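Open the model in your viewer and keep the selection tool at hand. The tour goes from stop to stop, with something to select at each one.

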Amino acid sequence: MDLGIKDKVAFIGGSSQGIGKSIALQLAKEGVIPILSGRKVEPLNQARAEIENKTSISPMIIQGDLSINEDRLHIIQTALDAFDTIDILITNTGGPPAGNFDDFEQTQWNKAYELLFGSAASMIRGFLPKMKSQQWGRIIAITSVSTKQPIDNLILSNAIRSSVVGLIKSLANELGPYHITANNVMPGYTATQRLKELTESNPNFANVLSEIPMKRFGKPEELAATVTFLASQQASYINGVSLAVDGGWIKSSL
C-alpha cells in the first residue's frame, strides 16, 4: 500500500532511542524525511546512522531537551529554518519518575508537566501555523495506556498524560476544516529501556505479562507501524481517536 507520504517532513520527539527511533525508522522506510530530537548528541548520531543504513533517507538531528522551553523554541526554529514546513508532528518524550502521590513535591509535578504537556503544546504551537497554511498535517501524540486505565505507582504519568489526550481531542475538533488530523496513540507495555527500568524498580511489574492477553510485551516496531499509518494519506478520515497498542491489556470495552 502506498501511504502517500513520500517526501513529507516529520518531527519526532525523543527519537534517539526506543519508540521514537522506531517511529522515525518506519517513516523513513516510507520516504518521509525525519527530524530526530533528543538530549544527547551521541545517541542521535547513532540513530541517524542506523536509519541511513536501513533506508535511503538521511535524517536531520537537533539536540535539545523538550522539557525546557528555551530548548523547544530552538528546536522549532531550527526545524523550520531547514524545511519551512513540518508536515507530520509526533509528540513523544521519556516518562517522569515512578511513584505515588506522597512521593512528589510541587516542583516535581511542575517538571513532569513541562516534560509531558508543555512539550506537546509547545511543539504543536510552533509547527501548526504552516500546517494550517498548507491545509494538510498530522499531529500524533504518544501517551500511554495509563490515560485509559491508570497504572499503580505512575501517578505523574497517569495524571498529566491524560491532559494531553484532552488537548489532542480538542485539536481534532478545531483542525478538521484544515485537513489536519490529531490523534493519540497509547502504547502498552512495550519492550524498551523505559520498561526495563520500571520492571527493575517496581515489583508490581513482575506479573504484568499475566495481565496481557497476548502474553508478551509489544515491540517498538509494532507501535511504529501504527503511528506511520495514522500519519499517512490513507488515514485522512481518522481524527480525534485514542488508539491503544497494548495487546489487549486495557480491560474496558469503551
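Start with the lining of the second largest cavity: it divides into five nonpolar residues, five polar and no charged. Keep in mind throughout that this is a predicted model.

**Stop 1: the second largest cavity**

Select Phe11, Gly13, Leu66, Leu89, Ile90, Thr91, Asn92, Thr93, Ser119 and Met123, which line the second largest cavity. Two elements, β4 (88-91) and α4, give two or more residues each to this lining. The largest share, three residues, comes from β4. The volume of this second largest cavity is about 40 Å³.

**Stop 2: the largest cavity**

How many cavities of 30 Å³ or more does a search of the whole structure find? There are two. The largest has a volume of about 80 Å³.

To show its lining, select Thr91, Asn92, Thr93, Leu115, Leu116, Ser119, Ala120, Ala141, Ile142, Thr143, Arg161 and Val164. Here α4, β5 and α5 are the elements that give two or more residues. Which of the elements gives the most to the lining of the largest cavity? Helix α4 does, with four residues. By type, the lining of the largest cavity holds six nonpolar residues, five polar and one charged.

**Stop 3: the largest pocket**

Now turn to the largest pocket, with about 1,300 Å³ of space. Its lining counts 47 residues, and Thr93, Gly94, Gly95, Arg161 and Arg194 are the closest to its centre. Select those five and centre the view on them.

Next, colour α1 (18-29), β2 (33-38), α4 (106-134), α5 (155-175) and α6 (193-201). Each of these supplies at least two residues of the pocket lining. Helix α6 gives the most, with five residues. The pocket lining divides into 17 nonpolar, 23 polar and seven charged residues.

**Stop 4: the nonpolar cores**

In soluble globular proteins, nonpolar side chains tend to be buried together. To see the largest nonpolar core here, select Phe11, Ile35, Ile86, Met123, Phe127, Ile139 and Ile168. Of the 36 residues in this core, these touch the most other members. Elements that each supply at least two residues of the core are β1 (9-12), β3 (60-63), α3 (69-83), α4, β5 (137-142), α5 and β6 (180-187). Helix α4 gives the most to this core, with 12 residues.

Stay with Phe11. What is Phe11 in contact with, leaving aside its neighbours within four places in sequence? The contacts are Ile35, Ser37, Ile75, Ile86, Ile88, Leu89, Ile90, Met123 and Phe127. Then select Ala10, Ile90, Trp136 and Ile142, which are among the 27 residues of a second, separate core.

**Stop 5: Asn158**

Select Asn158 in helix α5. Is Asn158 buried or exposed? Its relative accessibility is 12%, so Asn158 counts as buried, the limit being under 20%. Add Ser146, Pro150 and Ile151, which Asn158 touches, not counting residues up to four places away in sequence. Then find the backbone oxygen of Ile151, which lies 2.9 Å from a polar atom of the Asn158 side chain.

**Stop 6: two positive phi angles**

Go to Asp7, in the segment before β1. Its phi is near 75°, a positive value in a residue other than glycine. Asp7 counts as exposed because its relative accessibility is 53%.

Then move to Lys215, in the loop between α6 and α7 (220-230). Phi of Lys215 is near 60°, again positive in a residue other than glycine. At 51% relative accessibility, Lys215 counts as exposed, since the cut-off is over 50%.

**Stop 7: Pro213**

Select Pro213, which lies in the loop between α6 and α7. Pro213 is exposed, with a relative accessible area of 53%. Not counting residues up to four places away in sequence, Pro213 touches Gly247, Gly248 and Trp249.

For a last view, show Pro213 together with Arg48. How far apart are Pro213 and Arg48 in space, C-alpha to C-alpha? The distance is 35 Å, and the two are 165 residues apart in sequence.

Conventions:
Residues are numbered from 1 along each chain as its sequence is written. This is a predicted model: local features need pLDDT of at least 70, side-chain atom pairs count only at pLDDT 80 or more; totals for chains, interfaces and linings use all residues. Side-chain values use heavy atoms; hydrogens and water are left out. On a 1 Å grid over the protein atoms alone, a cavity is a set of points where a 1.4 Å probe fits but cannot get out, and a pocket is an open set with protein on both sides within 12 Å along at least five of seven lines; lining residues have an atom within 4 Å of a point. Grid points are joined across faces, edges and corners, and a volume is the space filled by probe spheres set on the points. Ala, Val, Leu, Ile, Met, Phe, Trp, Tyr, Cys and Pro count as nonpolar, Asp, Glu, Lys and Arg as charged, and the others, Gly among them, as polar. A nonpolar core is a set of buried Ala, Val, Leu, Ile, Met, Phe, Trp, Tyr and Cys residues joined through side-chain atoms within 4.5 Å. Buried means under 20% relative accessible area, exposed over 50%, partly exposed in between (1.4 Å probe, protein chains only). Contact means heavy atoms within 4.5 Å. A polar contact is a pair of N or O atoms within 3.5 Å; within protein, one must be able to donate a hydrogen and the other to accept it, and residues adjacent in sequence count only if both atoms are side-chain atoms.
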